[in-house]
Amino acid sequence: MITGIEDLSTLTLSLVLVAGFAAGWIDAVVGGGGLLQLPVLLMVPGITPVQALATNKLGSIFGTATSSLTYYRRVRPDLRTALPMAAIALLGSVAGAMLAVSLPQSVFKPVIVLALLGVALFTAFSRNLGQTTVLRFQGRRHYLSACGIGAVIGAYDGLLGPGTGSFLVIALVALMGYRFLEASAQAKIVNLATNFGALLFFSFQGSVLWTLGILLGLANMAGGYLGARTAVARGSRFIRIIFLIVVTALILKLSWDIAGDLLPR
């Protein structure tokens, strides 16, 4: 178990920071940066899984905050939808993190893989999906749907986490009717809230490596800023392509984990 940054070699720290930058870029475009950042943290000698999860949340907050601000300035997402959704998602994230302590997470992985596979196929074969914003609901139904999505995905983020940003984007596109660019902008605001909720829980447990997490966050911030600017410049079609790549990578990663769990040790 490591206690601070002084326990890390220069090579290990450099690898973590490079992963943080790349993860920030991925997260800003479509979500799913934890697919890269968390495994690298878990490779750090002496770090416990809980420390890795907690420090990953701290680092991610820097990136999501930066990309949220960049998106807001350039895309102007609908805060009347995003903020209530984020508030509900924060509460869901705390509840999910509390539940994660007592539930074996491995039982959920096959369900997540099937859900992601369905999302990938649906997105791949719906070529015009998310190119324009055509809201499916109006008034109260719109806000209730947004809060429902926030509650479910927020709880998922606290409980498990992989693919939270991707699930948020596709829910906002397919269920709410937003284009990919607008969905990514709103997803960043919601994801910021879920990261903060989970970080609160881990902070009270004393699991956060603060110095490493802040350095990781600075790298994540730089990647998040660049990723958000890239997404705004390239538009919804580019985001759709990156979304499919990230979801496919996440399916492969989780399938590998499931195979590892099934093989005799």
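Confidence varies from element to element in this predicted model: helix α9 (residues 210-234) has the highest mean pLDDT, 94, while α5 has the lowest, 81. Across the chain the average pLDDT is 86, and 93% of the residues score at least 70. Where pLDDT is low, don't read the predicted coordinates in detail.

Now to the inside of the protein. The largest nonpolar core is made up of 50 residues, and L116, I239 and F243 have the most contacts inside it. Helix α10, running from 236 to 262, is the top contributor to this core, giving 10 residues. Take F243 and skip its neighbours within four places in sequence: you'll find it in contact with V30, V119, T123, S166, V169, I170 and F180. There's also a second core, separate from that one, with 12 residues; L8, A19, L212 and L216 are among them.

Next, the empty space. Rolling a probe the size of a water molecule over the atoms shows where such space is left. Have a look at the second largest pocket, which holds about 240 Å³ of space. Two elements each give two or more residues to its lining, namely α5 (109-125) and α6 (139-159). The largest share is from α6, with 5 residues. In total, 11 residues line the second largest pocket, and I112, A115, V152, Y156 and F167 sit nearest its centre. What classes of residue make up that lining? It has 11 nonpolar residues, with no polar and no charged ones. One thing to keep in mind as you look at this pocket: α5, which helps line it, is the element with the lowest mean pLDDT.

Note on methods: Residues numbered from 1 in each chain as written. Predicted model: local features only at pLDDT ≥ 70, side-chain atom pairs only at ≥ 80, totals over all residues. Heavy atoms only, no water. 1 Å grid on protein atoms, 1.4 Å probe; cavity = no way out; pocket = protein on both sides within 12 Å on 5 of 7 lines; lining within 4 Å. Points joined across faces, edges and corners; volume = space filled by probe spheres on them. Helix = DSSP H or I, 4+ residues; strand = E, 2+ residues; numbered from the N terminus. Nonpolar A, V, L, I, M, F, W, Y, C, P; charged D, E, K, R; others polar. Core = buried A, V, L, I, M, F, W, Y, C linked by side-chain atoms within 4.5 Å. Buried < 20%, exposed > 50% of the residue type's maximum accessible area, 1.4 Å probe, protein only. Contact = heavy atoms within 4.5 Å. pLDDT = per-residue confidence, 0-100.
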